[in-house]
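I sat down with this one to see how its parts fit together. These are my notes, kept short.

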Amino acid sequence: MTTRQHYRTGTPGTGTSTDDPAAAEAVFLDATRRLLEPLRIGPGDTVVDVGPGAGSATVALAHAVGEPGRVYAVDLDVAMLNATMEAARAADVAGRIHPVLHDIQDGAPPLPEPADAVWSSWCIHHARDWDVAARALVEMLRPGGRLCLAEGGLPARCLPWDIGIGRPGLETRLDEAHDRHFTQWFFGRVGVSRPARGWSEILHAAGLTDITCFTALVDLPAPLSAPAREVVLAELAARVRRAQPFLTAEDADTWARVLDPENSAWLGHRADLSLLTARTGFSGHRPDE
Ligand SMILES: C[S@@+](CC[C@H](N)C(=O)[O-])C[C@H]1O[C@@H](n2cnc3c(N)ncnc32)[C@H](O)[C@@H]1O
């Protein structure tokens, strides 16, 4: 089946927290670039980006492979593939990027060639079976090909411990509520398999070797730039929306006030918002045959 045929169908992904994934990815782009380094992409390489989102890493990969290289962008959501190709056109690298509509839960996509490198960030924790998804990532590699999986890391810290309304520690409790939401969502689906171990182990079982782990810090201190502040506010609003059923009534009320631009307590009025988080990449290679 060709890429064009794939385009006729598609499933809305679970990918984007906010309405503007490109803005969010821009805030994390420095960390993304550092996580891409172990892939040692060079001109002429063939690379796969699984779950490209708005395509910021896909575009960085397309620059790295140069004119003779190819990047396959694999996603189950046609809107994400469209966003990726829009970013590619804006960066003048669309000719090197091939969109492929495919659910990685179904195994490796039918690509015309094995990959020198596979990159996947914040995607496969959405899969119902992480082992199946990890095997699919490794399967796309040529012998000796390199993989980097960006998953895990730490939740973001954006607010001071005490913002002056509600009970201090509001953001820490949001983490807990959000984790409960994720757990309910994750196990609420048919055919889910409990991961029961960390990513290094999962990748090792999938056939990856020489696995190392690297964490990139995202450290944007207060005061935030206007674009970073917009992203922080949008991400907090999205997390609160998802975590809502697990928040106490008091915390739900506090969040409603601080996320309301009409309210004097709106977080957008504060100069002490920051963004501190960490993103982890697990990399290794497929053994030579
Ligand atoms: C949170 S976004 C991550 C975007 C980008 N990689 C980043 O690091 O910012 C997750 C992406 O993975 C895609 N995705 C989620 N589940 C998928 C699956 N089972 N197969 C393929 N793509 C999937 C979503 O549609 C979305 O584009």
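What follows is my run through the domains, the helix pairs and two backbone details.

**Entry 1: domains.** I am working with a predicted model, so I kept that in mind throughout. I started with the split of the chain. Domain 1 takes in 3-151 + 197-217 + 281-285, and domain 2 takes in 156-184 + 222-273. I then looked up how far apart the two centres are: over C-alpha atoms, 30 Å separate domain 1 from domain 2. For the contact itself, I found six residues of domain 1 touching seven residues of domain 2. On the domain 1 side, that contact breaks down into three nonpolar, two polar and one charged residues.

**Entry 2: the annotation.** I checked the UniProt record next. Its unreviewed entry carries "domain: Methyltransferase" over residues 47-145. In the model, the C-alpha atoms at the two ends of residues 47-145 are 10 Å apart. I also noted the make-up of that span, which is 33% helix and 27% strand.

**Entry 3: H3 on H4.** I wanted the geometry of helix H3 (residues 29-36) against helix H4 (residues 56-65): the angle is about 50° and the axes are 10 Å apart. Since angles from 35 to 65 degrees fall in the oblique class, H3 is oblique to H4. The crossing of H3 over H4 is right-handed. Which residues of H3 meet H4? I listed Leu29, Thr32, Arg33 and Leu36 from H3, facing Ser56, Ala57 and Ala60 from H4. By class, that contact has four nonpolar, two polar and one charged residues.

**Entry 4: H4 on H5.** I stayed with H4 and turned to helix H5 (residues 78-90). The axes of H4 and H5 come within 9 Å and cross at roughly 45°. H4 and H5 are therefore oblique to each other, and their crossing is right-handed. From H4, I wrote down Ser56, Thr58, Val59 and Ala62, which meet Thr84, Ala87 and Ala88 of H5. How many charged residues does the contact of H4 with H5 have? There are no charged residues, with four nonpolar and three polar making up the contact. Ser56 caught my eye, as this residue of H4 meets H3 and also meets H5.

**Entry 5: H7 on H9.** My last helix pair was H7 (170-187) with H9 (226-243). Their axes come within 8 Å and cross at roughly 55°. That makes H7 oblique to H9. Is the crossing of H7 and H9 left-handed or right-handed? I have it down as left-handed. The H7 residues in this contact are Leu174, Ala177, His178 and His181, and they meet Arg239, Val240, Arg242 and Ala243 of H9. The class count here is four nonpolar, two polar and two charged residues.

**Entry 6: backbone oddments.** I finished with two local checks. Where is the cis peptide bond? I found it joining Ala222 and Pro223, with omega about -5°. Pro223 sits in the loop between strand E7 (209-220) and helix H9. The other item was Ala196, a residue other than glycine with a positive phi, near 65°. I placed Ala196 in the loop between helix H7 and helix H8 (199-205).

Technical notes
Residues numbered from 1 in each chain as written. Predicted model: local features only at pLDDT ≥ 70, side-chain atom pairs only at ≥ 80, totals over all residues. Axes fitted to C-alpha atoms, helices over the stretch in contact; angles between N-to-C directions. Helix = DSSP H or I, 4+ residues; strand = E, 2+ residues; numbered from the N terminus. Parallel < 35°, antiparallel > 145°, perpendicular 65-115°, else oblique. Left-handed = near helix turned anticlockwise from the far one by under 90°. Contact = placed C-beta atoms within 7 Å. Nonpolar A, V, L, I, M, F, W, Y, C, P; charged D, E, K, R; others polar. Domains from an automatic or database assignment. UniProt positions renumbered as here; feature names shortened; annotations may be inferred.
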